[in-house]
Amino acid sequence: MVEKKRPVMRIIMYLGLTLIAVITLLPLLWMFSASLKTSSEVFTAPIKWLPEILQWKNYIKIWEKIDFALFTWNSTKLTICVTIIQMVTCSFAAYGFTKCKFKGRDTLFLCYVATIAIPWQIFMLPQYVMLQKVNLVDTHLGYILLQSFAAFGVFLLRQFYQSIPDELLEAARIDGMSEYGAYARIVVPLAKPAMATLAIFTFVTVWNDFMGPMIYFNSERNKTIPLGIRMFVGQYSTEYQLIMAASVVSLIPVLVLYVFCQQYFVQGIATSGLKG
């Protein structure tokens, strides 16, 4: 009886997962469908998933109506810089909080991680004032410096580092390897799944960030893709078909990154919570 029930339960589970996947992907499918319509066809009822005439020219208009190429370059530059810097700073800090023993280590880590619970809206204005005093408002450098440290990234990597045996590092120290050598040759190669997970999280967060660039960037030359998409919203009309087309284009880098890092991403999520 147990053997007979297993295929049935498996089928039910697969059907449930398929339903959840369809519901999750439905908004993305509608976004892609709306990007191929005219403005009057976007909100027709009932929904027409495929318009009579596919408006592929919408994907050309988004590059002509606004400087979408500049916004894409700005988003790419900021995202890559912040992702690389966070991977370096978070991995160093996580190594110190996990493999280096010093007085008050756990208390300091607890205070640092507790900053995750503080809403960004609380320290938004103090950050702006700090940038203003050092003349870094409306500069990419100021935004990169603000995003260079992330308590969540330190927490994520620390959870993974705890699964690395201390005996490996002790053996390396006995052989004369420095802390930097142990970090670079032992910890970093073993932490590739967690590093890939952090890279995806950071990339998506910075790439899709809207509030930060809107507050810190004033000139058009520094704007990013989310701010560029907002330019399709006019005072009297909104070109939703162009908004959807630009959104589809902005989604491509995230999908490509996830496809290449999917294996490490799943492994990193599964292993970073082994020890608390």
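Which residues in H3 meet which residues in H10? In this predicted model, the H3 side of the contact is made by Ser75, Thr76, Leu78, Thr79, Val82, Thr83, Gln86, Met87, Cys90 and Ser91, and these meet Met195, Leu198, Ala199, Thr202, Phe203, Val206 and Trp207 in H10. The two helices span residues 68-99 for H3 and residues 192-207 for H10, and their axes, which come within 9 Å, cross at roughly 140 degrees. The crossing of H3 and H10 is right-handed.

From this pair of helices the reader can turn to the charged side chains, where the count comes to four salt bridges. One of them joins Glu239 to Lys65, with the closest N and O atoms 2.8 Å apart. Glu239 lies in the loop between helix H12 (225-230) and helix H13 (240-271), whereas Lys65 lies in helix H2, so this pair ties together parts that are 174 residues apart in sequence. Glu239 is partly exposed, with a relative accessible area of 23%, and Lys65, at 48% relative accessibility, also counts as partly exposed.

Helix H3 comes back into view with another salt bridge, in which the side chains of Lys99 and Asp166 meet at 2.7 Å, N to O. Because Lys99 lies in helix H3 and Asp166 in helix H8 (residues 166-174), the pair ties together parts that are 67 residues apart in sequence. Lys99 has a relative accessibility of 9% and therefore counts as buried, while Asp166, with 39%, counts as partly exposed.

A further salt bridge is formed by Asp106 and Arg105, whose closest N and O atoms are 3.4 Å apart. Here again the surroundings of the two partners can be described one by one: Asp106 counts as partly exposed at 47% relative accessibility, and Arg105 counts as buried at 18%, since buried means under 20% relative accessible area.

The last stop is a part of the surface with another character, a nonpolar patch formed by Leu25, Leu26, Leu28, Leu29, Phe32, Ile47, Trp49, Leu50, Leu54 and Trp56, which together have about 990 Å² of accessible area. Among these residues, Trp56 has its place in the loop between helix H1 (2-34) and helix H2 (58-65). Why does Trp56 count as partly exposed? Its relative accessible area is 49%, and exposed would mean over 50%, so Trp56 falls in between the buried and exposed classes.

Methods
Residues numbered from 1 in each chain as written. Predicted model: local features only at pLDDT ≥ 70, side-chain atom pairs only at ≥ 80, totals over all residues. Heavy atoms only, no water. Patch = residues over 30% accessible without salt bridge, like charges linked within 9 Å, V, L, I, M, F, W, Y side chains within 5 Å. Areas by Shrake-Rupley, 256 points an atom, 1.4 Å probe, with all protein chains shown as cover. Helix = DSSP H or I, 4+ residues; strand = E, 2+ residues; numbered from the N terminus. Buried < 20%, exposed > 50% of the residue type's maximum accessible area, 1.4 Å probe, protein only. Axes fitted to C-alpha atoms, helices over the stretch in contact; angles between N-to-C directions. Left-handed = near helix turned anticlockwise from the far one by under 90°. Contact = heavy atoms within 4.5 Å.
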